[in-house]
Amino acid sequence: MSILPEQSCSHCGISFRWKAIIDSGDDGSQTIFCCRGCEGAYRMICAAGLGNFYLRSDRATPTVSDASAAHYTEIDLSRHIVSEGDLCRIDILVCGITCPSCVWLLERMLVRVPGVEYVSLSYSGGIASLRFNPETVTPLEIFSVIVSLGYSPRPYSVDQSEKEARRERDDLLLRFGTALFLTMQLMVYSYALYAGYFQGIGGAMKQFLQYVSLLVTTPVVFYSGWPFIIGAWRSLKTAAPGMDLLIAMGALSAWIYSVWATFTGHETYFESAATIVTFVLIGRLLELSVRRRAMSGISSLYASAPQRATLVGESEHRTIGVDEIRPGDLLLVRQGERFPVDCLIIEGETEVDQSLATGESQPVLLICGNEVRSGCVNVAAPVTVQALRPAGQSYLMRVAALVQMAQAGKPKLQQLADRVSGWFVPAVILLALLVCAVRLQYSGDSVGTAVMSALSVILIACPCAMGLAVPAAVLAACSRSASLGVILRGGDVIERLASINSALFDKTGTVTCGLPGVIQFDTYSGYGTATVLQAAATVEEQAAHPLARAIVQYAAGCGYQPELCRDFRSVPGRGISGVLPDGKRVLCGSESFLRETGTPVSINCLADGSATAVLLAIDGLLAGRFLLVDQLREGARRVVSELAAEQMELCLISGDHQNTVDRIAADIGVLSAQGGMTPDQKLEHVTTLLQQGRQVLMVGDGVNDAPALAAATVSCSLSGSSDIALENADVIITGDDLSRIATAYRLSRATMTIIKQNLVWAFVYNIVGIPLAMTGHLTPVYAAVAMTASSLLVSLNSLRLMRLKQHG
Amino acid sequence: MDESLVILIVLSLCLGAGCWLIFIWAVKKGEFEDVEKPKHRMLDDD
């Protein structure tokens, strides 16, 4: 794969290959950045006159707290180190990763550790892969750096990561369950207090209800909300405000204010502290299960690789582990087995199911001298093969590596909610401080009252509506899409899907069903349609080949059922022969098969590769011809026309012959088509488009599409696709109707509109509420009513998504 | 009247706490481990 040459970012120092952001100085010098964030940070540091920071050799040497990483010893870790030339590699499972920013921070900090040469961290698995110089740095020091950032590292092994994911999910489930239960209790007391505010309530009763509210809210804020408090603290340390900070600020200020109010006889806000935490935890729980599924995809690809192989010895065959295979070894692959490594057939011929590699569902005839990729299935006969590469470098492993690389190299889009809170949080804090200062200075308030009025500003500014704006719309969109036959993997998918302006479609198995169908049938030598179809049905019934099944189906559709066939014979990849009940001998197969068996073939059998011809001969005379093509999937034309109407750039990419791809492209109305593409070329096509600044939707189903799917802005697969494609898909279409992709796109656009409306509403609330709170005119009960009303409005607005129609 | 309310609130909290303990037990036991499979299980033959 050739992409841009490796460059090094002037700020963070990472090496990268994507399109750089280049700043030209006045003196003509150029500074290169990997991302906008780095560019911003660089400018900030230079503007502060700290430009020399970049010249320091010891910069960002992190403070290492040895004590916290102490439960791993050097010897423990040395077992997990893999030597790679001069460098060593270690895979570390990092717990506590909650957002793309965590990945960003960890990668940047780790790569700055002297001796660490390369860091790559996958968000989905939370697995950091590091290459380091063992003479400069020890794994224990790397561990300490991760610990000092507030994450907990563990040496990675498959079981460990599975166990950790389970523990993390259980933990979140407990926090959520507790929050939900206590919040429901709390609502009862709150309504009693609301009623008491209007109708009057005894002082002792009010006090009692407030104490009970305090009792049930405290665990919600400090136990259930603990992840947000930690996240907020982390983002304060790195000075990168995010959603966590907003949530923690809202919940904590509401809690502190309410505790103060409880003991001074004011109205409390406990329910807002609890509901914010509960609602956001639902979102976290969904996100975690999404990430977990994505992770198992890579391991499922490894599962396709066979673990044992049969080594052909001089006297006897021996079973060996796949890892022991060396290039040049002779191996026996029996019928029904998978090819263990990439290899060359040196004895025998067979049909091979290459669907894992090409997406092509028809078995292909391979003879001596043909190369076979690992993971393909030997369908017909045993063959002896010569290993070309060791197992670690075989096709499956190369695709797995490409997928991992594409995942790690994918630039993470910052989510709308985080972008908003990025400037909203500092603004609110500033305002609160201002209120506090003004009150102290001019109103002559006590410090306590001033602080409380500042807190009430923060509390009003972090309404539930804000926390609900995105999750409510996402939840509505996900459930609507499910009923439309589209599964969306998480809320961020919606945001990315709405930004798409290029769509790439794989051909085989995606735009087409991967199953052949008869498009034309002719008879020759004076035979009637009835005779030929009857004969075809009878002999083809015996064969398991997809082409045979298509012909039997076609004959059945014309009303001809198979009869008893005698003396059936099959030549792999060529054709079949059999004797009809009336004694006629029938040959059915390719042109060359008929010629070889002595049947004169006079007609032109379409050599342009756009259709497959199956010829049928009766008693040595050419009797009929079937033309078969891969059938178009339902809705293929519709999705193309609907997406084209949205000004989207469409392209068909496939590993198939260019002629075939062109024909399908013309058929469905796509202007651009590329045939003969390997998995890395598909990936390259996607990355090229991404570098041009386009947002790419990739639709594919095969193992060969997996790297391209992983790299694309949004990836889409159909149910029944290969595991690895499914696991890499952000959007999964259930059923056969391809036009659901267009529906999903329209739904995502509609969702973004709703989210923006919701956010605008939350801001309107703030614009009205904050000045009132600042001047002390917003009494708690009116604030609570306004809060509930705005949450209700946001929820109802989101429900409008449920009415989206299948076809626009 | 106030006393009966206090008793009822305390009672509801105790009842809720009991349910909460059952929930914790269920999570620890792995009842929520796979929420997808059970709904398909009744359709399986074996």
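## A residue pair, a sheet and a chain contact

In this predicted model, A:Asp522 stands opposite A:Arg625, a residue of strand S26 in chain A. The strands concerned are S21 and S26 of chain A, and S26 covers residues 621-632. Their pairing is antiparallel and comprises eight bridges.

These two strands belong to an open sheet of six strands in chain A, arranged in the order S21-S26-S25-S24-S23-S22 with antiparallel pairing. Strand S21 (512-523) and strand S22 (566-571) form the edges, each having a partner on one side only. From one strand to the next, the twist averages 15 degrees.

Two helices of chain A accompany the sheet, as the table sets out.

| Helix of chain A | Residues | Strands of chain A touched or crossed | Angle |
|---|---|---|---|
| H17 | 529-540 | S21, S22, S23, S24, S25 and S26 | about 75 degrees with S24(A) |
| H18 | 546-557 | S21, S25 and S26 | about 55 degrees to S21(A) |

Helix H17 packs on the sheet, and the strands it touches include S23 (575-579), S24 (585-589) and S25 (612-618). Helix H18, for its part, lies across S21, S25 and S26 of chain A.

The report now turns to the contact between the chains. Chain A contributes 11 residues and chain B contributes 10 residues. On the side of chain A that touches chain B, the elements giving two or more residues are helix H5 (158-199) and helix H6 (203-224) of chain A. H5(A) gives the most to this side, with seven residues. By class, this side of chain A has six nonpolar, four polar and one charged residues.

Terms used:
Residues are numbered from 1 along each chain as its sequence is written. Chains are lettered from A and ligands numbered from 1 in the order in which they are written. This is a predicted model: local features need pLDDT of at least 70, side-chain atom pairs count only at pLDDT 80 or more; totals for chains, interfaces and linings use all residues. Two strands pair if DSSP finds at least two bridges between them. Helices (H or I, at least four residues) and strands (E, at least two) are DSSP runs, numbered from the N terminus. Axes are lines fitted to C-alpha atoms, for helices over the stretch in contact, and angles run from 0 to 180 degrees between N-to-C directions. Two residues are in contact if their C-beta atoms, placed from the backbone, lie within 7 Å. Ala, Val, Leu, Ile, Met, Phe, Trp, Tyr, Cys and Pro count as nonpolar, Asp, Glu, Lys and Arg as charged, and the others, Gly among them, as polar.
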